[in-house]
Amino acid sequence: MKPMEFPLLFDKCPLCGCKKRVLESVGGEEMKKGKVGKDMIFSTTQPIALALVDPRKTVISALTLTVFRDICVDCGHEYVVCIRHKVLPWPPQASQQGGMQQILQQLEKTPPGG
Ligand SMILES: [Zn+2]
């Protein structure tokens with residue numbers, strides 16, 4: 001096992017080994033047209049930042065992971081292509097009243113992908 005280095009990149013399909021991906025291919029065309037930035041990573045699901053926090057502890061920053069998924073052109077398998085990590089101030093809305101509980105409630109209300 002090599003040491004983990006972020007961003008974690010998975011450049012081929014875990015099932016068939018194909019390196020071509022649907023969103024990356026289509027998105028690449030848009031990059032050529034200049035419609036999207038070259039550093040854009042497309043994902044089949046809204047990339048959600050997962051905060052690695054312990055709600056019982058008070059912290060001022062949290063490590064968050066953002067997971068991107070794409071679809072194999074060859075076999076249609078959807079898999080994780082990139083995981084980025086970033087340290088963000090925590091909680092994200094510390095200045096607001098209500099604190100952690102409110103943030104958790106907001107997270108629960110947010111529909112997946114929206
Ligand atoms: Zn595949």
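Strand E3 (residues 61-71) and strand E4 (residues 78-89) pair in the antiparallel sense over 11 bridges. Strands are DSSP runs of E with at least two residues, helices are DSSP runs of H or I with at least four residues, and both are numbered from the N terminus. Two strands count as paired if DSSP finds at least two bridges between them.

The structure is a predicted model, in which local features need pLDDT of at least 70, side-chain atom pairs count only at pLDDT 80 or more, and totals for chains, interfaces and linings use all residues. Residues are numbered from 1 along each chain as its sequence is written.

**Sheet and hairpin**

In the hairpin of E3 and E4, 6 residues stand between the strands. Gly76 takes a positive phi near 80 degrees in this hairpin. Along the E3-E4 pairing, Asp70 stands opposite Tyr79, and Thr66 has Arg84 of E4 as its bridge partner.

E4 also pairs with strand E1 (residues 8-9), to which 2 bridges join it in an antiparallel arrangement. Here the bridge partner of Leu8 is Ile83 in E4.

Together, 4 strands form an open sheet with antiparallel pairing, in the order E1-E4-E3-E2. E1 and strand E2 (49-52) occupy the edges and have a single partner strand each, so one side of each is left without a neighbour in the sheet. In general, the strands of a sheet pair through backbone hydrogen bonds, either parallel or antiparallel.

**Chain organisation**

The chain contains 2 helices and 4 strands, and their succession along the sequence follows the pattern β-α-β-β-β-α. A residue is buried if 20 or more other C-beta atoms lie within 10 Å of its own, exposed if 12 or fewer do, and partly exposed in between, with C-beta atoms placed from the backbone. By this criterion, 6% of the 114 residues count as buried.

Contacts are pairs of residues whose C-beta atoms, placed from the backbone, lie within 7 Å. Among the contacts in the chain with a separation of 6 or more, 58% are between residues 24 or more positions apart.

**Cis peptide bonds**

The following table lists two cis peptide bonds.

| Peptide bond | Omega | Location of the proline |
|---|---|---|
| Phe6 to Pro7 | near -5 degrees | Pro7, segment before E1 |
| Trp90 to Pro91 | near -5 degrees | Pro91, loop between E4 and helix H2 (99-109) |

Conventions
Two residues are in contact if their C-beta atoms, placed from the backbone, lie within 7 Å.
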